[in-house]
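Biologist: Could you take me through the packing and the charged pairs of this protein, step by step, with the reasoning behind each answer?

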Amino acid sequence: MMASSAGSGTYSVSGIFVQSLRLAGRIVAALGVIGVVTFFSFHLLPVNEITAGFLYLVAILLIATAGGLVESSIASIVAMLCFNYFFLPPVGTLTISDPRNWVALFAFLATSLTASQLSARAKRRTREAIDRQNEIEKLYSLSRALLLADATHPRGKQIVEQIAQAFEFPAVALYDRAADEIYRAGFDGLPDMDAALREAAVRSQFSRDEKSRLIITPIRLGRQPIASLALRGTSLSDPALQSLVNLVAIWLERALSEEAVNRATVVRRSEELKSTLLDAIAHEFKTPLTSIKAVTTDLLSDPAIPLETRQRELISIADEGADRLSTLVTQAIQLARIEGGKFQLNRGIHFPSSLISAALRQMKSLTDGREIKVCIAEGLPLVSVDAELVQMVIAQLIDNALKYSPPSAPISIGARLTEGNVVIYVMDRGAGIPQEEQSRIFDKFYRGTKEQNLKSTGMGLAIAREIVRAHGDEIQVSSKPDEGSEFSFSLPLSPRSGDE
């Protein structure tokens, strides 16, 4: 940084020296013009004081137009002295005999200085207007270049290169806070610049160094700083600089949005591929599982086949394992189809009671020996649902109640009409769900902290939630410690029921 400071100091001194030489040259040229006017008016073509004063004013206007305020002001003072010395009596002296000539002399000086200022101001405003137009053209060129940027290359690197090219800056650097990356164009070998950029982004501080012509500015999106930009050799106006910063902020945000879209696309394709692979694997699993289940069922149900107690126990274990593995495969496939976007509803018109009865038939082997209370309100309207999927939800809620309640505790299943909606509910008398876990029980593979030893895949409630969401509702949970839990969800009415 020391070397950099020394270099920038040398650059400033040499620049000031060059500017001083140019100003001195313009002053000498302005004095030369006054000298030419004086020589022409006094020696070559003698004129009276009025004509001489007019010629001096014209010369000063030309000097102010071609040069600046400093040259024209000095030329005004010198022209006043020449006007007094050569044209106001007594000629050849700087004294004035007639008091009226004092008025004329000071009027001439005031007119010269005013004309110089007005001309210099008009020239400055014209130059500023041209500079603003050039800045607008450069910003437009930059926006077009960024619009045509190659999406396969780092966006930050392209931004700094396009800024340096559009505005002809010798050095540009950009710090992207989200990616924690610094992109440079001309700032190589300056480690302290990295720290300054990071500090500007974190603290949202603006800094300007006039000697080295360096600007470091934060880039905000709203009120949140997302990056910082360093520019060397800049002569941008404040509005142009702010426009440049806003343009960079927009393109950084666009890059983040594109990355998010690309990641979402990759995830979606990955889920689709996973769903396809699981479908293929499922067919391979289902065939041997069906064979195993057929064999174990035949062995256990056929009285003609003599089995010892130990053999019957082993076959029963294999039969239960086949059931559990079949359930696991089915749930994994269903969840993968939901996440892969292959989840579709085949709606039909059904009675709520028939949906509950079908689910209970599916769960008969698990509900045998348990007290099941069914309470379905009379006169319930028809519902428009995918019967197979809704039955799966009810069966999952029943299975969940069976696992998390004592064998002696009853389980209530029913349907009621609430605020114009048919609500299906499953209630148990288990230990209840802690408040801090109620928001997590529908996450994939999550099981309650108190029941880690249960034989559960952790996918059932996640699948049930997605099925209910597809029907336009959410599963509601009401639970208190040691009082049990109630899971409920509403079903959309069929158009026929709405007309009635």
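The exchange below turns first to the nonpolar core and then to the salt bridges.

Biologist: Which element supplies the largest share of the largest nonpolar core?

Modeller: This is a predicted model, and its largest nonpolar core has 37 residues, with Leu-355, Ile-394 and Phe-487 among those that make the most contacts inside it. Several elements each supply at least two residues of this core, including α9 (352–362), β10 (421–427) and β12 (484–491). The largest share, 10 residues, comes from α11.

Biologist: Is Glu-486, which forms a salt bridge with Arg-416, buried or exposed?

Modeller: The closest N and O atoms of Glu-486 and Arg-416 are 3.3 Å apart, and the pair links distant parts of the chain, with Glu-486 in strand β12 and Arg-416 in strand β9, 70 residues apart. Arg-416 has a relative accessibility of 29% and therefore counts as partly exposed. Buried means under 20% relative accessible area, and because Glu-486 has a relative accessible area of 18%, Glu-486 is buried.

Biologist: Which residues are linked with Arg-465 in a network of salt bridges?

Modeller: The side chains of Arg-465 and Glu-466 meet in a salt bridge at 3.7 Å, N to O, and Glu-466 also forms a salt bridge with Arg-469, where the closest N and O atoms are 3.5 Å apart. Arg-469 and Glu-466 are separated by about one helical turn, because they lie 3 residues apart in helix α12. The residues linked with Arg-465 in the network are Glu-466, Arg-469 and Glu-474.

Notes: Residues numbered from 1 in each chain as written. Predicted model: local features only at pLDDT ≥ 70, side-chain atom pairs only at ≥ 80, totals over all residues. Heavy atoms only, no water. Core = buried A, V, L, I, M, F, W, Y, C linked by side-chain atoms within 4.5 Å. Buried < 20%, exposed > 50% of the residue type's maximum accessible area, 1.4 Å probe, protein only. Helix = DSSP H or I, 4+ residues; strand = E, 2+ residues; numbered from the N terminus. Salt bridge = Lys/Arg side-chain N within 4 Å of Asp/Glu carboxyl O.
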